[in-house]
Amino acid sequence: MAYAVTALTLISSMQSVSHRQLEKFLDRDSVAAEDWQHLAESVRHLYQSSDQQNRLLQGVMNAVQDMVYFKSIDGIYLGCNALYEAHVGVDEGQLNGKTDHDLVIEEVADKMEVLDRQAMSGSEQHLSERWMGDAEGNQICILTRRLPYFDEHGKLLGLIGVCRDITDIKIAHETITRQSNFDPLTQLPNRRYFRERLVHEIKLAQRSKLQLAVLLIGLDKFKSINETFGLEMGDAVLTQTAFRIPDVVRETDVCARIGGDEFAVVIPNLRDVTDVERIAQNLINRLAEPFRIGDDEIYATASIGIALYPDNAQDMDALIKNAGQAMYYAKSSGRSRFSHFTFALQEAAARRGRLSRELRRAVSHHKFEMLYQPIVELATGDVRRAEALVLWNHEGRGLIGPMEFIPLAEDSGAMVEIGDWIFRQAAQQAKHLRETFDPDFAISVNQSPVLFRNPQAKPSDWVAYMAELGLPGQAIVLELTEAVFMKAEEIAKSKLEAFRDAGFQMAIDDFGTGYASVAYLKKFDLDYVKIDQTFVQDIEDNASARVLCEAIIAMAHKMGLKVIAEGVETEAQRQFLLDAGCNYAQGYLFSKPLGKSDFDRLLQKLKQNQSA
Ligand code: C2E
Ligand code: CA
Ligand code: CA
C-alpha cells in the first residue's frame, strides 16, 4: 500500500513516469505520514485531471496487491481498484456512487460507518481487523487502514481505505498459539497453559474470596498398559481420558494434560469442599469404566490429589506441588481413590526427598549390607540355595529395609548402580559357599524391572564378572517379577536371553499376585516358581489358598519347573507344602535372612548334624 502512495505522489508531480522508476517505488514498503497527505492531494488532483492520468492511477492501483478504495465524506465510493471490486463482488466500475449500505447487510454497514467516521475525525492512519465470509463462503480476515484526506485549505474531503487479506498470517499465528498451549495428542490445554490459567484463577479467587481446588489426576499403572498393550493403545486410553474428564466437570473448569499420564482440573468458585470430593469421585468412577479400543477393552483406574486455595497453598507452583503429593499418597494407599493435601503429607514428601538425596550418597559409599536367607529343600532339609536381600545402612536411622528404599532408588535412577553392587556381592557369596560348603550352591538375586529397561545395565558385564570369579552361570538364580516379563520391549527380552545363554537360572517371584499367568511361564524358559507369601500364610485357615498352592505346584511340575514357597512360618504350612510336593521353602520357620558369618555358622551346624 505504501508503494501506491509514493507512486501516486510521483504521478501527480510528474508528467510522465518510466516503468523503471515506478517499479522502484512499488518495491518500497514503508510509509511516512506525510505520504498520505500527498496521496490525498493526488486524489483530489486526480479527479480534476486528465483522462490519461486517471488511467495511469487506475493502473497503479490495480498493480498493488492490496485492495484500495476512496470514499467521499458521506461514505460514497469514488473509486477503487480491481481487487476491491472482486472483494465486494461488483463488476468493473460498478462501485462508484454506491455506499456500504448498498453492498452489505445493515449491521455490517453500520459498523463500517462508525469506523469511517472515527478515521475521518483524526489524521493518523486508523487500523481495524475483521473476520468475514468471502464470496466462496470461506472465513477470511481483513486488515483495513483508513486515512482521511483534505483539500489545500485543510477541509476534510473523504477517506482512503487500503485493505489486506491477512487470513494466512492469522491462521499461522493461531497455530503457533495452539501448539504452544495445547497438547497435540489429546487437544487439551498443556502444562504451560494450565499454569497460566491457574495464576489467573487464583487472582479471581483472591478477589471473590471463594475457594479454588486443583485436582491432579494420575492414571494408575499406565506404564503397564503401555507395556502390555503397546504405545498406540496407551495413546488411545489417554485420548479417551481427555474426553471423559471434561464430561464430569463444568464447561468453565479448566482441564489440562500436564504430563505423560497426568491430567489436572481447576475448580474455581467453591463454596463447599464436599463439592470437590463429589467431583473427584465422579472422575474416578468415569475413568474406571472400560476403555473400548477397537475390539479390546482396557481397564484403568485413576488416583486424584486435591489441593485447595487458599488453605493448602497460596501460589500456583505450591498448589500443583501439593496436589501432586496428595495424588502420590492416593496412589500409595491403594490407588483408585482421591486424597486431600495435608501438611503431614508435605512432611512425608520432604522426608522422601531427603532420603532420596541421602541414598545417592550411600550408593557412592556402598553403605549397604547383604543378608542371605536359606532356601530349604523340603524333602531332605538340605540347604543349597539362598536368597540375597539387601539393606541400607543409614547413618542416622540404622538399617532401612528394601521396601522403603528400592522404590526410591528406582525413581531416582540409582537402581542400576545398586543392582550392580548387589549382584557382585551375591556372586562373591556364591563363590565362597561353593568353595566352602557345596559346589552346587546357588544364590538368588532379586532383579528390579528397571535394570531390564535400562540400556546401561549390560548382561555382558555380569557374565564377564562371573568368568573372572571362575563361576558358572548356574551359581546365580535371577528372581524376576512379572513386571520384567510383561515388557513387550525387545531390550528386556534380549537381556533375558543373554542371561539364559550364559547359564543363569531364572525364577518368577511373587507368583499369583499380579497378572503373571501360565502364559509367561511357557513363553520364557524358567527354572523356578516362587509362591507368594500371602498364599502360604493363608494355608491354615483358607481353603482357597490351599487349592491355589496345590494348583501352582501341579502346574509348575507339569511344565518341568521347581517350586519355592516363600514366607513359611509354621510347621503346619511346611507339612502341607511337603505333602503337596513343593520342592523348596524359605521363611522364618527355618531362618531369618542372615549376615555372611551367621549364614556360614548355620551351614556349619547343618553339616555337623548330618554327619552326626
Ligand atoms: P521378596 O523378593 O518377596 O523377598 C522376600 C521377603 O520376605 C523379604 O523381605 C524377606 O525378608 C521376607 N521374609 C522371608 N521369610 C519370611 C517369613 O517367614 N515371613 C515374612 N512375613 N516375611 C518373610 P525383605 O528383605 O524386606 O524384602 C522385601 C522385598 O524387597 C523383596 O521381596 C524384594 O522384592 C525386594 N528386595 C529385597 N532385596 C532386594 C534386592 O537386592 N534387589 C531388589 N531389586 N529388590 C530387593
Ligand atoms: Ca525375591
Ligand atoms: Ca517374593
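**Calcium sites, a ligand pocket and salt bridges**

Asn446 is partly exposed in this model, its relative accessible area coming to 31%. The structure is a predicted one, and Asn446 makes a handy way into it, as this residue gives its OD1 atom to the calcium ion (ligand 2). The other donors to that ion are Glu387 (OE), Glu479 (OE) and Asp509 (OD), and the distances run from 2.1 to 2.3 Å. Along the chain, the donors of the calcium ion (ligand 2) follow the pattern E-x58-N-x32-E-x29-D. Asn446 sits in strand β16 (residues 442-446) and Asp509 in strand β18 (residues 505-511), so this pair ties together parts of the chain that are 63 residues apart in sequence.

The calcium ion (ligand 2) has a neighbour: the calcium ion (ligand 3) lies 3.9 Å away, with Asp509 bridging the two. At the calcium ion (ligand 3), Asp509 (OD) and Asp510 (OD) are joined by Glu566, which is listed twice through OE, and the distances span 2.2 to 2.5 Å. The donor residues of this ion are spaced D-D-x55-E in sequence. What about the burial of the two aspartates? Asp509, the residue that coordinates both ions, has a relative accessibility of 8% and so counts as buried. Asp510, on the other hand, is partly exposed at 27%.

Asp509 turns up again around ligand 1, where 23 residues make up the surroundings and Gln373, Asp509, Gln533, Glu569 and Tyr588 come nearest. By class, the shell breaks down into 10 nonpolar, 8 polar and 5 charged residues. Several elements chip in with at least two residues each, namely β14 (383-394), α15 (402-412), α16 (415-436) and β18. As for polar contacts, a nitrogen atom of ligand 1 lies 2.9 Å from an N or O atom in the Gln373 side chain. Backbone atoms take part too: a polar one of Val390 is 3.3 Å from a ligand 1 nitrogen, and a polar one of Ser448 is 3.5 Å from a ligand 1 nitrogen. On its own, ligand 1 has 790 Å² of accessible area, and the protein covers 82% of that.

Turning to charged pairs, the structure holds 29 salt bridges. One of them joins Asp100 to Lys71, with the closest N and O atoms 2.7 Å apart. Asp100 belongs to helix α6 (residues 100-103) and Lys71 to strand β1 (residues 67-72), so the bridge ties together parts 29 residues apart in sequence. Both partners are tucked away: Asp100 is buried at 5% relative accessible area, and Lys71 counts as buried at 1%. The pair doesn't stand alone, either, as Lys71, Asp100, Asp116 and Arg146 are linked in a salt-bridge network.

Another salt bridge brings Glu201 and Arg197 together at 3.3 Å, N to O. Here both residues share helix α9 (residues 191-208), sitting 4 residues apart, or about one turn of the helix. Glu201 is buried, at 9%, whereas Arg197 is partly exposed, at 24%.

Asp247 and Arg286 also form a salt bridge, their closest N and O atoms being 3.1 Å apart. This one links distant parts of the chain, with Asp247 in helix α11 (residues 231-248) and Arg286 in helix α12 (residues 273-288), 39 residues apart. Asp247 counts as exposed at 52% relative accessibility, while Arg286 is partly exposed at 24%.

How values were computed:
Residues numbered from 1 in each chain as written. Chains lettered and ligands numbered in written order. Predicted model: local features only at pLDDT ≥ 70, side-chain atom pairs only at ≥ 80, totals over all residues. Heavy atoms only, no water. Donors = N, O, S within 2.8 Å, 3.2 Å for Na, K, Ca; no water. Buried < 20%, exposed > 50% of the residue type's maximum accessible area, 1.4 Å probe, protein only. Near = heavy atom within 4 Å. Polar contact = N/O pair within 3.5 Å; in protein donor to acceptor, adjacent residues only side chain to side chain. Areas by Shrake-Rupley, 256 points an atom, 1.4 Å probe, with all protein chains shown as cover. Nonpolar A, V, L, I, M, F, W, Y, C, P; charged D, E, K, R; others polar. Salt bridge = Lys/Arg side-chain N within 4 Å of Asp/Glu carboxyl O.
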